[in-house]
Amino acid sequence: NALDEAIFGSNHPYGYYPKAADYLAVNQEDLRQFHTANYQMENCKIIASGKIPSNFESQIEQLFGNQSSNYIKRKIIHPTSPSNTKNIFKALPNAVQAGIAIGKPFVSKSHEDYPGLIVANTIFGGYFGSRLMSNIREDKGYTYGIYSTIVPYINESFTYLATEVGIDKHVNTVKEIKFESERLLNDKVDSSELDLVRNYLLGNFLSSIDGPFALADRLKGLLYYDIDYAYYDRFIDTIKHISAEELLSLYQQYFRYDEYTSVVIA
């Protein structure tokens, strides 16, 4: 929560977290007005996947096609107000663990570099064999798990990594995170590690389209961003063919540690 607020600002929808008073202030008329304004057919997409009967489209049209709607599509822009402080520490009395979250704004899912950045992030901290996991869990034993991910919201995107460590290990953990980030900026990934990640991502993609509900979720993920199916062609082609040199260039452009905001709660 503190990291989201630092990246987007406390007044931004991605940086604000509701408090008890916010829920207590909501009344029935608020809910009615929100439902009337937003839950309409013009603001709806219907996704069908699986063994669809031949007359299915006509059935959908019959059931939903004639419903009236006065929905007004509007693009709401929320300016971000990121914190000027790059290193944030918050004391938590009687804590026995320290929470670490480190992140920064990132490119959207529709950006041409996004598929390559998925590969780059996987190597950095996106799976169990990642650089962060190998160092901070397997070698140092500071944590049970550490991961990094890319969060592509509709209007903004960001990347972050997170872990929990012993209360006396957070300083060394942050140092090791910085070390792994800088190592990727200077040394090319070797072919064996890259091939391992290629196989992991391709296998993970196959499992993610196993069955009609999984396929529907994949389609929904494209509709949200107004991206067509060609995205997956580019995604798979990138996984198969991205080179160590291209990855090094992505790391140098997007993974510079001094651009990240670090939050430690301990």
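Student: How many residues lie between β3 and β4 in their hairpin?

Tutor: Four residues lie between the two strands. Bear in mind that this is a predicted model.

Student: Which way do β3 and β4 run, and how many bridges join them?

Tutor: They run antiparallel, joined by seven bridges. One residue pair there is Y147 with A162, the latter in β4.

Student: What is the strand order of the sheet?

Tutor: It is an open sheet of five strands, ordered β1-β5-β2-β4-β3, and the pairing is mixed.

Student: Which strands stand at the edges?

Tutor: β1 (87-90) and β3 (146-152) do; each has a single partner strand, so one side of each lacks a neighbour in the sheet. From one strand to the next, the twist averages 15°.

Student: And β4, how many of its residues are buried?

Tutor: Seven of its ten, so β4 is largely enclosed by the rest of the structure.

Student: What joins β4 to β2?

Tutor: Nine bridges, with the two strands antiparallel. G103 stands opposite Y160 of β4.

Student: What about β2 with β5?

Tutor: Strand β2 (residues 97-105) pairs with strand β5 (residues 261-265) in the antiparallel sense, over five bridges. I100 has V264 of β5 opposite.

Student: Switching to helices. Which strands does α7 lie across?

Tutor: Helix α7 (residues 170-186) lies across β1, β2, β3, β4 (157-166) and β5. Its direction is at about 30° to β2.

Student: At what angle do α5 and α8 pack?

Tutor: About 105°, with the axes of α5 (residues 114-126) and α8 (residues 191-208) 10 Å apart. That makes α5 roughly perpendicular to α8.

Student: Which residues meet there?

Tutor: From α5, I118, V119, T122, I123 and G126; from α8, E193, L194, V197, Y200 and L201. By class, this contact has seven nonpolar residues, two polar and one charged.

Student: Last one, α11. Which of its residues are buried?

Tutor: In α11 (residues 244-254), the buried residues are A244, L247, L248, L250, Y251 and Y254. They are on the same side of α11, because they cover an arc of only 160° around the axis.

Student: Why would residues three or four places apart point the same way?

Tutor: An α-helix has 3.6 residues a turn, so residues at that spacing point the same way.

Student: And what do the buried residues of α11 pack against?

Tutor: Against β2, α5, α7 and α8.

How values were computed. Residues are numbered from 1 along each chain as its sequence is written. This is a predicted model: local features need pLDDT of at least 70, side-chain atom pairs count only at pLDDT 80 or more; totals for chains, interfaces and linings use all residues. Side-chain values use heavy atoms; hydrogens and water are left out. Axes are lines fitted to C-alpha atoms, for helices over the stretch in contact, and angles run from 0 to 180 degrees between N-to-C directions. Angles under 35 degrees count as roughly parallel, over 145 as roughly antiparallel, 65 to 115 as roughly perpendicular and the rest as oblique. Contact means heavy atoms within 4.5 Å. Ala, Val, Leu, Ile, Met, Phe, Trp, Tyr, Cys and Pro count as nonpolar, Asp, Glu, Lys and Arg as charged, and the others, Gly among them, as polar. Two strands pair if DSSP finds at least two bridges between them. Buried means under 20% relative accessible area, exposed over 50%, partly exposed in between (1.4 Å probe, protein chains only). The arc is that of the directions from the helix axis to the C-beta atoms.
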